[in-house]
Amino acid sequence: MSLNDLWCYIEQLNNSAYIEELPVRSLSATHLLLWPGPNERVYDIHRLSVTIERQGCSYTTHPIDITYLEPYLNTTWQNFRDQPDFIQIAVLDAVLPSLPMATKPFEIARCQKPLWTKSLWRADTLVKNIKRLIATLNCPTPRVALVGYSDVIFYALKKIQVAVDVFDLDPRVINKTLVDSTVIQHGEAFFAGEPTYDVLVVTGMTLANGTFWNLREFCCSFKTLIVMYAQTGGHLGSVMVELGVDLFVGECLPFYYEDGLSEINVYFSNNYHF
């Protein structure tokens, strides 16, 4: 399974909708410094937004130069297939909500409150649905791997009585000790041996940096359930649950750290009926 499979799936949906061309109308790049709240790191990140009929988004840790993409404006989205992964994801994230979709979310959650309140709401929405997923397991103390550290999400997970290990690639938080003696490990450590985790929780950035597909293959070998919560590729839930994700929690613009009404769409794979 790879990014190519994601393209093929969305192209099939496009062909089924008899839409010949969806032109890319705008591209924008933003350098973002974000402090989400107490005990969180400051994120130094770059955001790419792509508009077709709807707007898609992707993050990257590298500066974004979009000037060379000017010739691609007002051409079909399919012309972006050879671009870096984070650009492809932002384009696909704009394409999918522009197509008529038969698959409806399991849940739509909305919140219009200050940043910190929306941050807690976002974490609670994610963990509430992880709890639904875990309830399908015959496991007294499920083990969860959180790939991509978030303080508020970590503590929301601890509240539902699961064992949590945390992995990240940011040297500022690797080896940080949390209050319950959990030490944040380097992301590579996740692949060090046979995973004993019942659930893997990853961010949409794993799509943008290309690591998701290796994580998926690794987890499928050991029947670890996969949860993705995403701003990057936040509209891709209906497809990602067909490509190996068990639970997808996707955030739409404006995101929780921005003013306005934030929306989260929740999808479960067809293996679950609640």
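Okay, so let's start at Ser-119, which sits in helix 3. This is a predicted model, by the way, so keep that in mind throughout. Is Ser-119 buried or exposed? Its relative accessibility comes to 1%, so it counts as buried. If you ignore residues up to four places away in sequence, Ser-119 touches Val-152 and Tyr-256.

Let me zoom out for a second. The chain has 7 helices and 11 strands. Its radius of gyration is 18 Å, close to the 19 Å that the globule rule gives for 274 residues, so the chain is as compact as a globular protein of that length. If you like boxes, the C-alpha atoms fill one of roughly 55 × 40 × 40 Å along the principal axes. Buried residues account for 54% of the 274 in the chain. And on contacts: take those between residues at least 6 apart in sequence, and 63% of them join residues at least 24 apart.

Now, the nonpolar cores. The largest has 49 residues, and the ones touching the most other members are Leu-6, Ile-10, Trp-77, Phe-190, Phe-212, Leu-236 and Met-240. Which element gives the largest share of this core? That's helix 2, residues 85-95, with 8 residues. There's also a second, separate core of 35 residues, and Ile-153, Val-173, Val-249 and Phe-268 are among its members.

Let's stay with Phe-212 for a moment. Leaving out neighbours within four places in sequence, Phe-212 is in contact with Val-202, Thr-206, Leu-207, Ile-226, Met-228, Met-240 and Val-245. Phe-212 belongs to helix 6, residues 212-220, where it is buried along with Trp-213, Leu-215, Arg-216, Phe-218 and Cys-219. Quick reminder on helices: an α-helix has 3.6 residues a turn, so residues three or four places apart point the same way. What do the buried residues of helix 6 pack against? Quite a list: helix 1 (3-16), strand 8 (199-203), helix 5 (205-208), strand 9 and helix 7 (237-240).

Just past helix 6, have a look at Lys-223, in the loop that leads to strand 9. Lys-223 isn't a glycine, yet its phi is positive, about 60°. With a relative accessible area of 75%, Lys-223 is exposed. Asn-39 is another non-glycine residue with a positive phi, near 70°. You'll find Asn-39 in the loop between strand 1 (26-34) and strand 2 (43-51), and it is exposed, at 55% relative accessible area.

One more backbone item. The peptide bond from Leu-253 to Pro-254 is cis, with omega near -5°. Pro-254 lies in the loop between strand 10 and strand 11 (262-268).

On to the empty space. Rolling a probe the size of a water molecule over the atoms shows where it is left. How many cavities of 30 Å³ or more are there? The count comes to 2.

The largest cavity holds about 70 Å³ of space. Its lining is made of Arg-122, Leu-126, Ile-153, Tyr-229, Ala-230, Gln-231, Val-249, Gly-250, Glu-251 and Ile-264. Helix 3 (115-134), strand 9 (225-230) and strand 10 (247-252) each give two or more residues to that lining, and strand 10 gives the most, with 3. By class, you get 6 nonpolar, 2 polar and 2 charged residues there.

The second largest cavity has about 40 Å³. Gln-55, Gly-56, Cys-57, Asp-93, Gln-231, Gly-234, His-235, Glu-251, Cys-252, Leu-253 and Phe-255 line it. So to speak, some names come back: Gln-231 and Glu-251 are in the linings of both cavities, and Leu-253 is the residue before that cis bond. Strand 3 (55-60) and strand 10 each supply two or more residues here, with the largest share, 3 residues, coming from strand 3. The class split for this lining is 4 nonpolar, 5 polar and 2 charged.

Last stop, the largest pocket, with about 1,000 Å³ of space. It is lined by 46 residues, and those nearest its centre are Ile-45, Gly-148, Asp-168, Thr-203 and Met-205. What is the make-up of that lining by class? It has 23 nonpolar, 15 polar and 8 charged residues.

Key
Residues are numbered from 1 along each chain as its sequence is written. This is a predicted model: local features need pLDDT of at least 70, side-chain atom pairs count only at pLDDT 80 or more; totals for chains, interfaces and linings use all residues. Side-chain values use heavy atoms; hydrogens and water are left out. On a 1 Å grid over the protein atoms alone, a cavity is a set of points where a 1.4 Å probe fits but cannot get out, and a pocket is an open set with protein on both sides within 12 Å along at least five of seven lines; lining residues have an atom within 4 Å of a point. Grid points are joined across faces, edges and corners, and a volume is the space filled by probe spheres set on the points. Helices (H or I, at least four residues) and strands (E, at least two) are DSSP runs, numbered from the N terminus. Ala, Val, Leu, Ile, Met, Phe, Trp, Tyr, Cys and Pro count as nonpolar, Asp, Glu, Lys and Arg as charged, and the others, Gly among them, as polar. A nonpolar core is a set of buried Ala, Val, Leu, Ile, Met, Phe, Trp, Tyr and Cys residues joined through side-chain atoms within 4.5 Å. Buried means under 20% relative accessible area, exposed over 50%, partly exposed in between (1.4 Å probe, protein chains only). Contact means heavy atoms within 4.5 Å. The radius of gyration is taken over C-alpha atoms; the globule rule is 2.2 Å times the number of residues to the power 0.38.
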